[in-house]
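Work through the exercises below with the sequence and the 3D view open. Try each task before reading its solution.

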Amino acid sequence: MHRTYSMRATRAPTASQIQNPPPPISSTKSGRFFTRGGIGHALRRNAAGAFGPDLAKKLSQLVKMEKNVMRSLETVAKERMEVAQQLSVWGEACDEDVSDVTDKLGVLLYEIGELEDQYVDRYDQYRVTMKSIRNIEASVQPSRDRKQKITDLIAQLKYKEPNSPRIVVLEQELVRAEAESLVAEAQLSNITREKVKAAYTYQFDALREHCEKVAIIAGYGKHLLELIDDTPVTPGETRAAYDGYEASKAIIQDCEDSLTNWVTQNAAVSAKLSTRARTLSTRRRNNIKARSEGLDLSGQDAPIHDGGSWVQPRHQREEYDDEDEEDEEEHDAPSHSLLDSETGLNGENRGRNQEPVVA
């Protein structure tokens with residue numbers, strides 16, 4: 001019956017995979033409790049913003065919603081492969097031309113399912129990159145809270161004890177907290193822009209490759225349909241013998257070659273900007289470039305590390321553990337200041353144990 005259940009008995013890397021190696025397998029493909037259905041999706045979406053720092057709640061919810069999208073895509077890929085196999089099973093009992101063509105169509109549909117499965121892995125690159133922004137937002141929140149608490153405490157003391165000597169101490173702490181907050185906010189701003197561009201570059205590149213390859217398969221699928229003789233016959237008339245086995249195999253081989261040799265440079269669809277959009281985009285890029293050149297400090301004197309200047313703290317980049325992703329709860333880092341003393345406002349033992357920073 002000239003059955004061909006797979007386009008590639010052994011899968012050699014395609015030209016696109018050589019040019020852009022595939023990412024690790026998506027983290028959503030293992031460790032799930034709810035395999036199908038909307039219960040797990042609803043729990044993740046609703047619980048995502050319930051824990052952790054306020055600054056990171058919205059992005060936490062986005063990351064969880066994207067995880068739902070990925071698991072839905074994975075389900076679609078698996079079910080499409082099952083449909084492809086069932087199409088071949090059904091067509092086996094039909095006439096020779098229908099039997100051969102439906103079997104080959106099953107091969108193409110199965111390949112689409114595998115492409116969707118690969119797309120999930122590349123989509124995970126985008127989601128993990130967005131998670132890194134969430135982690136940075138979570139690390140910035142404690143510095144914001146600390147600055148706000150010190151500000152509130154100073155206002156409270158000025159109202160109750162205007163002449164309290166603690167006000168001077170707290171104001172010095174506020175200066176240090178504001179300096180630390182400025183550094184953290186600048187880092188958040190810079191890294192957010194960098195990561196957003198990187199994340200959506202991953203997503204759009206993966207989407208472009210997936211759609212281009214699906215379009216290729218769709219084109220060859222229509223060529224296969226031309227092998228079916230749909231000329232009406234009268235009752236008792238016998239159809240001509242089917243002679244398209246070699247043609248169908250050749251179409252499948254051509255499709256395999258097209259998918260194997262596809263690279264981004266050969267993309268058939270390109271986004272062309274209008275003259276106005278191109279002009280405005282170029283102006284924007286030139287403005288960004290001019291500002292970046294104007295802020296180039298590489299030619300300035302080297303900083304003096306004499307202990308009398310601010311030293312930028314090392315940024316926290318710890319990732320959330322994927323094994324605990326379903327129960328993510330971000331914990332604020334403890335801060336050591338007057339706010340953390342056991343005796344509160346009126347106590348003398350303030351328990352300050354943070355490293356001094358010279359302003």
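The exercises go from the whole chain to single residues.

This is a predicted model, in which local features need pLDDT of at least 70, side-chain atom pairs count only at pLDDT 80 or more, and totals for chains, interfaces and linings use all residues. Residues are numbered from 1 along each chain as its sequence is written, and side-chain values use heavy atoms, with hydrogens and water left out.

**Exercise 1. Describe the chain as a whole.**

Step 1. Find the secondary structure, where helices (H or I, at least four residues) and strands (E, at least two) are DSSP runs numbered from the N terminus. The chain has seven helices and zero strands, and its pattern along the sequence is α-α-α-α-α-α-α.

Step 2. Look at burial: buried means under 20% relative accessible area, exposed over 50%, and partly exposed in between (1.4 Å probe, protein chains only). Of the 359 residues in the chain, 33% are buried.

Step 3. Look at the surface, with areas from the Shrake-Rupley method and a 1.4 Å probe, where for residues only the protein chains shown count as cover. About 22700 Å² is exposed by the chain, and carbon and sulfur atoms supply 54% of that area.

Step 4. Look at contacts, meaning heavy atoms within 4.5 Å. Among the contacts in the chain with a separation of 6 or more, 84% are between residues 24 or more positions apart.

**Exercise 2. Compare an annotated region with the model.**

Step 1. Take the record: the unreviewed UniProt entry places a "coiled-coil region" at residues 167-194. UniProt positions are given in the numbering used here, feature names are shortened, and annotations may be inferred rather than shown by experiment.

Step 2. Check the model over that range. Residues 167-194 are 100% helix and 0% strand, with the end C-alpha atoms 40 Å apart.

Step 3. Examine Ile167, which belongs to helix H5 (residues 166-225). Ile167 is buried, because its relative accessible area is 6%, under the limit of 20%. Outside its neighbours within four places in sequence, Ile167 contacts Ile154, Leu157, Lys158, Glu161 and Pro162. From Ile167 to Leu153, 14 residues apart in sequence, the C-alpha distance is 8.7 Å.

**Exercise 3. Count the aromatic pairs and describe two of them.**

Step 1. Apply the rule: rings of Phe, Tyr and Trp (its six-membered ring) pair if their centres lie within 6.5 Å, and planes under 30 degrees apart count as stacked, over 60 as edge-to-face and the rest as tilted. The count is five aromatic pairs.

Step 2. Take Tyr123 and Tyr126, an edge-to-face pair with 5.3 Å centre to centre and 70 degrees between the planes. Tyr123 and Tyr126 are separated by about one helical turn because they are three residues apart in helix H4 (residues 96-160). Both Tyr123 and Tyr126 are buried.

Step 3. Take Tyr242 and Tyr245, an edge-to-face pair at 4.9 Å centre to centre, with 80 degrees between the planes. Tyr242 and Tyr245 are both buried.

Step 4. Find the cluster: Tyr119, Tyr123, Tyr126, Tyr200 and Phe204 form one aromatic cluster.

**Exercise 4. Locate the nonpolar cores.**

Step 1. Use the definition: a nonpolar core is a set of buried Ala, Val, Leu, Ile, Met, Phe, Trp, Tyr and Cys residues joined through side-chain atoms within 4.5 Å. In the largest core, of 17 residues, Val101, Leu108, Ile217, Leu224, Ile252, Cys255 and Leu259 touch the most other members.

Step 2. Trace the sources. H4, H5 and helix H6 (245-261) each supply at least two residues of this core, and H4 gives the largest share, six residues.

Step 3. Find the other core, which lies apart and has ten residues, including Tyr123, Tyr126, Ile133 and Ala199.

**Exercise 5. Is Val140 buried or exposed, and what does it touch?**

Step 1. Val140 is in helix H4. Val140 counts as buried because its relative accessibility is 1%.

Step 2. Beyond residues up to four places away in sequence, Val140 touches Leu55, Ala184, Glu185 and Leu188. The C-alpha atoms of Val140 and Leu188 are 7.5 Å apart, with their positions 48 residues apart along the chain.

**Exercise 6. How many disulfides are there?**

Step 1. A disulfide is a pair of cysteine sulfur atoms within 2.5 Å. A search of the whole structure finds zero.

Step 2. Check two cysteines: Cys211 is partly exposed at 42% relative accessible area, whereas Cys255 is buried at 0%.
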